[in-house]
Amino acid sequence: MGSPDPTQIDGIGGADPLTSKVAILSPATRADADVDYLFLQVFVDQPIVSGAQACGNILAGVGPAAIERGLVAALDGETPVRIHMLNTKEVATAIVQTPGQRVSYRGDTRIDGVPGSHAPVPLMFENTAGSMCGALLPTGRAVDPINGVDCTLIDNGMPCVIMRATDFGLTGDEDRDSLDANTDLKARLEAIRLIAGPMMNLGDVADKSVPKMTLVSARPGATISTRSFIPHRCHATIGVFAAVSVATACTLPGSPAASLAQMPDDGVFQIAHPTGAAEVLIERDAMGQVTAPGPCARRANCATVRSFRATEGRHRTRL
């Protein structure tokens, strides 16, 4: 891809961490999966290729690619593909549209920040809470002060450090370019990230792409607004797993996200980002505990989580 050239002029990454990603597929190495998937994040500004995280966005392409490459036989109509995510050791199931036993990419499914439309690729996740950190809240707390900033250290599929934008003198509505140009902000975020890494059981994260640093703020019409860094460049949107982690943080009393969130009546969390919003459906049980986030039934681009309690770190996500 030509990294770490800041323009990636010799490669295909577009000089953006959002598109500087690699999926490596191979025959399944466990009986309950059809294909193995290793995700690699290529840094734009450093000569680093990291397998320290998963990626739900690229995961959507694994099922169709596995069928196209002959790793999985297609059925007529729809084909379930059980994907062993090597980064997290968990299995996700993708439902691929295969009329006439051929992958179809035609459809009306749209996602904010992504051009065009596509056939839907529903994804079912299980056991993503604590997928990399060992627990939903690796410190056991909803709030951990780091360098004078209240942080939620959370892993519901993606290790994230969630902080109020106002604690950095920001509104949270800043555009991506202005945030990327704010060297003082990025230095403060990196200092917090390096401390948070060991607290999240991730060890020294200086050369890792996790945890993701996420600034949250209130926004009319949305549950919460985000500005995410992966890990040093501001994300044009928000990743699937990161959106689930942020939505989950909104349910944690006393957390920075909960203090700003406008909680939805229907359980559909609108997670705003620089180019639109992602939807996460969270369900609760009779005790008021979170029972799930994964696309919800009413939106093609909505994530739904089912069957998890914050104290247990177990859930199923349906996308």
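This report looks at the cavities, one covered helix and two residues of interest in a predicted model.

## The largest cavity

Let's start inside the protein. The largest cavity has a volume of about 140 Å³, and 17 residues line it. Lying nearest the centre of this cavity are Gln-53, Met-158, Lys-212, His-235 and Gly-239, so these are the names to look up when you find the cavity in the structure.Two helices each give two or more residues to the lining of the largest cavity: H1 (56–68) and H4 (240–249). The largest share, three residues, belongs to H4. By class, the lining of the largest cavity holds eight nonpolar, seven polar and two charged residues.

## Helix H4

Is H4 mostly covered or mostly uncovered? The helix is mostly covered, with ten of its ten residues buried. The buried residues of H4 are Val-240, Phe-241, Ala-242, Ala-243, Val-244, Ser-245, Val-246, Ala-247, Thr-248 and Ala-249. This is the helix that also gives three residues to the lining of the largest cavity.

## The second largest cavity

The second largest cavity comes in at a volume of about 60 Å³. Its lining includes a run of residues from Gln-41 through Val-42, Phe-43 and Val-44 to Asp-45. Ile-230, Pro-231, His-232 and Arg-233 also line the second largest cavity, as does Pro-17.

Sorted by class, this lining has six nonpolar, two polar and two charged residues.

## Asp-36, buried without a salt bridge

Now for a charged residue in strand S2, which covers residues 35–42: Asp-36. Asp-36 is buried, yet has no salt bridge. Which side chain of opposite charge is nearest to Asp-36? That side chain is Arg-30, 6.8 Å away. A salt bridge needs the charged atoms to be within 4 Å.

What does the side chain of Asp-36 make polar contacts with? One partner is the side chain of Thr-29, at 2.7 Å. Another is the side chain of His-84, at 3.0 Å.

## Ala-23, partly exposed

Ala-23 is part of strand S1, residues 21–27. Why does Ala-23 count as partly exposed? Its relative accessibility is 36%, and the partly exposed class lies between the cut-offs of 20% and 50%.

Ala-23 also pairs up nicely with Gly-61 as a place to look in the structure: the two are 38 residues apart in sequence, and their C-alpha atoms are 8.9 Å apart in space.

Technical notes
Residues numbered from 1 in each chain as written. Predicted model: local features only at pLDDT ≥ 70, side-chain atom pairs only at ≥ 80, totals over all residues. Heavy atoms only, no water. 1 Å grid on protein atoms, 1.4 Å probe; cavity = no way out; pocket = protein on both sides within 12 Å on 5 of 7 lines; lining within 4 Å. Points joined across faces, edges and corners; volume = space filled by probe spheres on them. Helix = DSSP H or I, 4+ residues; strand = E, 2+ residues; numbered from the N terminus. Nonpolar A, V, L, I, M, F, W, Y, C, P; charged D, E, K, R; others polar. Buried < 20%, exposed > 50% of the residue type's maximum accessible area, 1.4 Å probe, protein only. Lys, Arg positive; Asp, Glu negative; His and termini not counted. Polar contact = N/O pair within 3.5 Å; in protein donor to acceptor, adjacent residues only side chain to side chain.
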